[in-house]
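Got the viewer open? Let's take a short walk through this one, stop by stop.

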Amino acid sequence: IIHPKIPTEDLTTTGVTPPEITTQPPPPPPSRLNLIATCRYENNPEKSLALIDKAAKGQEWFRQGDNIDHLTLKEVKDGSVVLYQGQVFNDEIFVPVEDDESLLKSDQVDTARATVTGSAAG
């Protein structure tokens with residue numbers, strides 16, 4: 001086993017300066033935003049609106065270009081919005097898609113028809 005030699009002299013006395021470590025503040029935590037609806041004006045995008053539910057603050061309408069906490073609503077699309085933090089893309093949030101499952105099951109419809117037919121015959 002080879003053991004590397006551990007330097008014992010101070011780096012500042014040898015003329016070598018250690019690199020400076022700069023720390024940037026951490027980005028703010030992502031906000032809890034839920035997109036409820038969008039209203040898009042194709043010919044006049046600055047009039048486009050987005051209904052956003054901000055956790056603990058309730059629902060609010062925002063126009064394209066408005067600030068939402070530390071984010072900017074850059075673009076309102078049909079069913080989604082694009083958010084930027086400064087000049088950098090941050091996120092795209094979407095209106096939740098509802099499940100298209102019918103409330104009437106095919107066997108329930110057949111049973112209802114059988115009841116109607118049976119009562120008409122009786």
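Start by selecting Leu51 and Trp61: Trp61, in S3, is the bridge partner of Leu51. Before going further, keep in mind that this is a predicted model.

Now widen the selection to the strands around that pair. Strand S2 covers residues 49-54 and runs antiparallel to S3, with six bridges between them. Add S1 and you have an open sheet of three strands, ordered S1-S2-S3 and paired antiparallel. Strand S1 (33-39) and strand S3 (58-63) are the edges; each has a single partner strand, so one side of each has no neighbour in the sheet. Turn the view to look across the strands, and you'll find a twist that averages 25 degrees from one strand to the next.

Next stop: Ser48. Look for Ser48 in the loop between S1 and S2. Is this serine buried or exposed? Ser48 is buried, because its relative accessible area is 1%, and the cut-off for buried is under 20%. Show polar contacts and follow the side chain of Ser48 to the backbone nitrogen of Tyr41, 3.0 Å away. Then bring up the surroundings: beyond its neighbours within four places in sequence, Ser48 is in contact with Cys39, Arg40, Tyr41, Phe62, Arg63, Gln64 and Val76.

Two of those names, Phe62 and Val76, lead on to the next selection, since both belong to the largest nonpolar core. Pick its 12 residues: Leu33, Leu35, Ala50, Ile52, Phe62, Ile68, Leu71, Leu73, Val76, Val81, Leu83 and Ile93. Colour them by element and you'll see that S1, S2, strand S5 (71-77) and strand S6 (80-85) each supply at least two of the core residues. Which strand gives the most to this core? That's S5, with three residues.

Stay in the core and centre on Leu33. Leaving out residues up to four places away in sequence, Leu33 touches Ile52, Asp53, Lys54, Ile68, Leu71, Leu83 and Ile93.

Finally, zoom out to the whole chain. You should be able to trace one helix and seven strands, in the order β-β-β-β-β-β-β-α from the N terminus. Colour by burial, and buried residues come to 15% of the 122 in the chain. Switch on the surface: the accessible area is about 10,100 Å², with 54% of that belonging to carbon and sulfur atoms. As for contacts between residues at least 6 apart in sequence, 26% join residues at least 24 apart.

Note on methods:
Residues are numbered from 1 along each chain as its sequence is written. This is a predicted model: local features need pLDDT of at least 70, side-chain atom pairs count only at pLDDT 80 or more; totals for chains, interfaces and linings use all residues. Side-chain values use heavy atoms; hydrogens and water are left out. Helices (H or I, at least four residues) and strands (E, at least two) are DSSP runs, numbered from the N terminus. Buried means under 20% relative accessible area, exposed over 50%, partly exposed in between (1.4 Å probe, protein chains only). Contact means heavy atoms within 4.5 Å. Accessible areas come from the Shrake-Rupley method with a 1.4 Å probe; for residues, only the protein chains shown count as cover. Two strands pair if DSSP finds at least two bridges between them. Axes are lines fitted to C-alpha atoms, for helices over the stretch in contact, and angles run from 0 to 180 degrees between N-to-C directions. A polar contact is a pair of N or O atoms within 3.5 Å; within protein, one must be able to donate a hydrogen and the other to accept it, and residues adjacent in sequence count only if both atoms are side-chain atoms. A nonpolar core is a set of buried Ala, Val, Leu, Ile, Met, Phe, Trp, Tyr and Cys residues joined through side-chain atoms within 4.5 Å.
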